[in-house]
Structures are given as structure tokens and as C-alpha cells.
Amino acid sequence: GAGKKCGGVGVSEMIPAPSGGGGIVLIAKTAVKAWVCVRVLYDGKYIESRLEVPNTNENTVINPFVDVSNWGKETINSLYAIIQIYDINGTNLKNINTNTASSLKSKESVKLTGVFDTTGMAPGEYKAKAVVYYDNDAKETSMIGFKIGALKVLISDYTKEIIKGKI
């Protein structure tokens, strides 16, 4: 079948162990194991995608993105994503359109980027997912979490004098 297939390959060097009882016992002297992964392409058009929305401060503009890889045998003619922003309760707050890629060949990847203005959004935890639209199909990414924070520093009991060696 198609997809990513991994397997381990191992080699061990064996030496006879000293035995006082007449049987031969082997013990491993050295051993090596390596993992080998092979990706088998899917028939037709097939994508894998991953959304990333960085943590940020309130009232900033950030660029969330969706990494999309084509693991199908056919070229994708056009693709874009809509990144959906949710509050912690699952209410959809914003939808962000990304740029459009005009072509994505088999075994290639592309980054679809959007512009997200957090102005007016309260500090807290949020969730996001994206829907990638390609040719006549669509696929959702996994839901991820991100945070919008506020920079708040309170300085109290300060002095205008600085004394060397003191806190």
C-alpha cells in the first residue's frame, strides 16, 4: 500500500560465552540497529498538511502558515487554505485566507501563508485548524492550540538611586 513505511534492520556480533557445563552459549559482543523509511506514492492526488500558528502578544500581526506536501503521483494544479481561528470554547472567531499556489508537483512541498491581525482579541488560549483546498478536493489539518499574551510589568517601590552590588 501507499504511505510511509518504516522498518528496523539490525546486526549483532555473537561470541561464545565461557561455560562450565558442556553447552555452547552465545552472547552479543556488539550490535547495530538502523531504521529505514520508504515513502510509497498514492495514486492520483494526495496531500499531507501541517498548520502552524505561533504564540504572540495582543494587538500584533503574525503570519500563520500551512505546510503542504504532495505525496500523490499527479501534479496538483492549484491550492490554498483557509485558517480557522476558534476561542477555547470552539466558537469560530476569524477565517484567514492564505496565498494560492499555482502548482504542486509530486514529492514537492509548499508553504501557504496568511496574515492574522490579533487586534481586539483578548489575551488567552485559542485553537486553530486549516482546510486546504486543492483542485476539486479539500482536506483538514489537525486542530492546534496557540496563545495570545499581554505584556504587563508592574514596577513598585523603585528608587532613583542605584547602589553597586545590591539588588
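**Entry 1: a strand pair**

Which residue in β6 is the bridge partner of E48? I looked this up before anything else, and the partner is S69. A reminder to myself: this is a predicted model. The two strands concerned are β3 and β6, the latter covering residues 65-70, and they pair in the antiparallel sense over six bridges. I jotted down the general background as well: strands of a sheet pair through backbone hydrogen bonds, either parallel or antiparallel.

Next I asked which strands make up the open sheet around this pair. There are three, in the order β3-β6-β9, and the pairing is antiparallel. β3 (47-52) and β9 are the edge strands, each pairing on one side only. I also looked up the angle between neighbours in this sheet: on average they are turned by 20° against each other, direction ignored.

**Entry 2: the whole chain**

I stepped back to look at the chain in full. How many helices and how many strands does it have? I found zero helices and 13 strands, so the pattern along the sequence is written with β throughout, β-β-β-β-β-β-β-β-β-β-β-β-β. Of the 167 residues in the chain, 27% are buried. I then turned to contacts with a separation of 6 or more, and 61% of these come from residues 24 or more positions apart.

**Entry 3: the hairpin of β11 and β12**

I moved on to β11 (residues 124-134) and β12 (residues 137-140), which pair in the antiparallel sense over four bridges. Within this pairing, Y133 has A138 in β12 as its bridge partner. The hairpin has two residues between the strands, and D135 takes a positive phi near 45° there.

That sent me looking for positive phi values elsewhere. N59, which is not a glycine, has a phi near 60°. N59 sits in the loop between β4 (56-57) and β5 (61-62). Is N59 buried, exposed or partly exposed? Its relative accessible area is 48%, so N59 counts as partly exposed, since exposed requires over 50%. K107 is another residue other than glycine with a positive phi, here about 70°. K107 is in the loop between β8 (92-97) and β9 (109-113). With a relative accessible area of 58%, K107 is exposed.

**Entry 4: S106 in the loop**

While in the loop between β8 and β9, I stopped at S106, which lies there too. What does the side chain of S106 have 2.6 Å from one of its polar atoms? I found the backbone oxygen of G72 at that distance. Leaving aside neighbours within four places in sequence, S106 is in contact with L41, N70, G72, K73, E74 and T75.

**Entry 5: the core**

I then looked for the largest nonpolar core, which has 24 residues. Which of them touch the most other members? My list reads V66, V68, L79, I85, L112, V132 and F146. The elements giving two or more residues to this core are β3, β6, β7 (79-87), β11 and β13 (144-149). β11 gives the most, with five residues.

I picked L79 from that list for a closer look. Not counting residues up to four places away in sequence, L79 touches ten residues by name: V68, N99, T100, A101, L104, V110, L112, V132, Y133 and Y134.

**Entry 6: aromatic rings**

How many aromatic pairs are there? The count comes to four. One of them is F116 with F146, an edge-to-face pair at 6.0 Å centre to centre, with 85° between the planes. F116 is in strand β10 (residues 116-117) and F146 is in strand β13, so to speak a link between distant parts of the chain, 30 residues apart. F116 counts as buried at 0% relative accessibility, and F146 counts as buried at 2%.

Why is the pair of Y126 and F146 called stacked? Their ring centres are 5.8 Å apart and their planes are at 25°, so the pair is stacked; the cut-off is under 30 degrees. Y126 in strand β11 and F146 in strand β13 are 20 residues apart, and this pair too links distant parts of the chain. Both Y126 and F146 are buried. I closed the page with the grouping: F116, Y126 and F146 form one aromatic cluster.

Terms used:
Residues are numbered from 1 along each chain as its sequence is written. This is a predicted model: local features need pLDDT of at least 70, side-chain atom pairs count only at pLDDT 80 or more; totals for chains, interfaces and linings use all residues. Side-chain values use heavy atoms; hydrogens and water are left out. Buried means under 20% relative accessible area, exposed over 50%, partly exposed in between (1.4 Å probe, protein chains only). Two strands pair if DSSP finds at least two bridges between them. Axes are lines fitted to C-alpha atoms, for helices over the stretch in contact, and angles run from 0 to 180 degrees between N-to-C directions. A polar contact is a pair of N or O atoms within 3.5 Å; within protein, one must be able to donate a hydrogen and the other to accept it, and residues adjacent in sequence count only if both atoms are side-chain atoms. Contact means heavy atoms within 4.5 Å. A nonpolar core is a set of buried Ala, Val, Leu, Ile, Met, Phe, Trp, Tyr and Cys residues joined through side-chain atoms within 4.5 Å. Rings of Phe, Tyr and Trp (its six-membered ring) pair if their centres lie within 6.5 Å; planes under 30 degrees apart count as stacked, over 60 as edge-to-face and the rest as tilted.
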